[in-house]
Amino acid sequence: MRCVCPSRALRRQTACMLSEQFLKLLKSMTSCCVVPKPPVRKVAIFGGTHGNELSGIFLVKHWQENGAEIQRAGMEVKPFLTNPRAVKKCTRYIDCDLNRVFDPDNLGQTVVEDIPYEVRRAQEINQIFGPKGSDDAYDLIFDLHNTTANMGGTLILENSRDDFTIQMCHYIKNALAPEHVPVLLIEHPHLKYATTRSVAKHPVGVEVGPQPQGVVRADILDKMRKIVKHGLDFVHLFNEGKEFPSCTIEVYKIMEKVDYPRNKSDEVIAIIHPNLQDQDWQPLNNGDPLFLTLDGEVIAYKGDCTVYPTFINEAAYYEKKQAFVKTIKMELTAEHIRSSVVDQNTS
């Protein structure tokens with residue numbers, strides 16, 4: 001008895017059916033791994049946290065007059081000038097650094113006549129955009145800063161476990177490729193920043209330089225503007241239901257602040273070595289020059305591992321006794337995410 005083989009058309013049909021079944025199975029398995037996240041409806045863009053960092057100030061003032069560029073369907077985007085008195089005087093701050101006082105002690109401090117202006121202002125900002133740590137707090141805050149250091153367009157993260165902001169950074173980096181967009185992770189057990197943006201559930205710093213204090217450079221402003229645009233585009237896509245598969249990004253994790261060499265009178269006695277100047281994010285190895293005294297002595301880096309300095313010779317950090325910060329490279333991985341609104345609509 002001769003075996004009758006199925007026709008070529010039947011074999012094709014069977015293969016297609018098996019393929020469709022496999023794709024459905026694969027899709028169901030993939031959807032099980034998706035982590036639903038709340039939609040991001042309230043977004044703020046802060047400028048003027050430091051009154052002499054002008055790119056964010058110019059952009060926020062522009063967007064307050066004409067906000068069409070930053071508006072996206074399904075969410076509120078509020079441009080806000082955080083330190084108006086410092087902006088008016090074109091100085092970093094009036095009494096103290098606004099970007100360091102969003103801690104429980106300052107936010108809970110009793111308002112008296114001699115309270116520092118920035119502490120009072122922090123409490124006002126916390127009332128408008130917070131309270132910090134509450135369900136009512138804004139979902140996302142972009143805090144716009146300039147640096148005199150050669151950091152390019154840097155994104156600053158505060159939480160290594162925030163899938164949403166890691167995914168956003170991944171999106172922005174891809175949108176701006178091949179341009180280098182470093183991500184600085186300031187999560188540290190002992191270095192507490194208490195930033196203005198930390199009021200939000202998802203705080204994101206945007207640090208763009210080099211730009212002198214009290215100056216606006218068109219190229220630096222444009223770089224900042226593009227970062228914000230792509231960040232808002234990401235939020236819009238997320239709210240619309242787009243899924244973002246698991247991703248991994250390279251970040252620079254802050255390890256230590258390094259001061260200038262000083263004498264017994266606490267005066268700086270050495271400056272950033274020319275080989276280090278403007279080399280933000282570049283590898284620094286044992287024996288590489290760090291500082292140069294006015295007598296010509298080279299002070300070298302002594303360390304067991306390669307580090308990546310940034311905020312090199314930042315003008316605002318002389319008062320903070322900081323010549324640069326040491327970082328190490330590491331990777332952060334975000335879960336596969338989508339807005340939980342999609343699940344609610346399909347249930």
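Arg197 lies in the loop between β6 and β7 of this predicted model. Its relative accessible area is 3%, so Arg197 falls under the 20% limit and counts as buried. The surroundings of Arg197 are drawn from several parts of the chain: leaving aside neighbours within four places in sequence, Arg197 is in contact with Asn99, Ile141, Asp143, His145, Ile156, Glu158, Ile186, Pro203, Val204 and Gly205. One of these contacts can be described at the level of side chains, since the side chain of Arg197 makes a polar contact with the side chain of Glu158 at 3.1 Å.

The loop between β6 (183-185) and β7 (202-209) also holds Tyr193. Tyr193 has a relative accessible area of 14% and is therefore buried by the 20% limit. Not counting residues up to four places away in sequence, Tyr193 touches Asn99, Arg100, Ile186, Ile254 and Lys257. Asn99 and Ile186 thus appear in the contacts of Tyr193 and in those of Arg197.

Both loop residues belong to an annotated set. In an unreviewed UniProt entry, the annotation "binding site" covers Asn99, Arg100, Tyr193, Ala194, Thr195, Thr196 and Arg197. These residues are spread over 99 residues of sequence, yet they cluster in space, with a largest C-alpha distance of 10.5 Å. From this set, Asn99, Arg100, Tyr193, Thr195 and Arg197 take part in the lining of the largest cavity.

That cavity is the next feature to consider. The protein contains 3 cavities of 30 Å³ or more, and the largest has a volume of about 220 Å³. Its lining comprises 22 residues, of which Asn99, Arg100, Glu207, Phe311 and Tyr317 lie nearest the centre. Strands β4 (140-146) and β8 (247-258) each supply at least two residues of this lining.

Glu207, one of the residues nearest the cavity centre, carries an annotation of its own: the unreviewed UniProt entry gives "active site" for Glu207. Glu207 lies in strand β7. With a relative accessibility of 7%, Glu207 is under the 20% limit and so counts as buried. Beyond residues up to four places away in sequence, Glu207 touches His145, Asn146, Thr147, Met151, Gly152, Gly153, Thr154, Ile156 and Phe311. Among these, Phe311 is also listed with the residues nearest the centre of the largest cavity, while His145 and Ile156 are also in contact with Arg197.

A further buried position is found in strand β3 (residues 76-81), which contains Pro79. Pro79 has 13% relative accessibility and is accordingly counted as buried. The residues that Pro79 touches, not counting those up to four places away in sequence, are Ile45, Val60, Trp63, Gln64 and Ile70. For Gln64, which is 15 residues from Pro79 along the chain, the separation of the two C-alpha atoms is 6.1 Å.

These local descriptions can be set within the whole protein, which has 8 helices and 13 strands. Of its 347 residues, 48% are buried. Among contacts between residues at least 6 apart in sequence, 75% join residues at least 24 apart. The protein exposes about 17500 Å², and carbon and sulfur atoms supply 53% of that area.

Key
Residues numbered from 1 in each chain as written. Predicted model: local features only at pLDDT ≥ 70, side-chain atom pairs only at ≥ 80, totals over all residues. Heavy atoms only, no water. Helix = DSSP H or I, 4+ residues; strand = E, 2+ residues; numbered from the N terminus. Buried < 20%, exposed > 50% of the residue type's maximum accessible area, 1.4 Å probe, protein only. Contact = heavy atoms within 4.5 Å. Areas by Shrake-Rupley, 256 points an atom, 1.4 Å probe, with all protein chains shown as cover. UniProt positions renumbered as here; feature names shortened; annotations may be inferred. 1 Å grid on protein atoms, 1.4 Å probe; cavity = no way out; pocket = protein on both sides within 12 Å on 5 of 7 lines; lining within 4 Å. Polar contact = N/O pair within 3.5 Å; in protein donor to acceptor, adjacent residues only side chain to side chain. Points joined across faces, edges and corners; volume = space filled by probe spheres on them.
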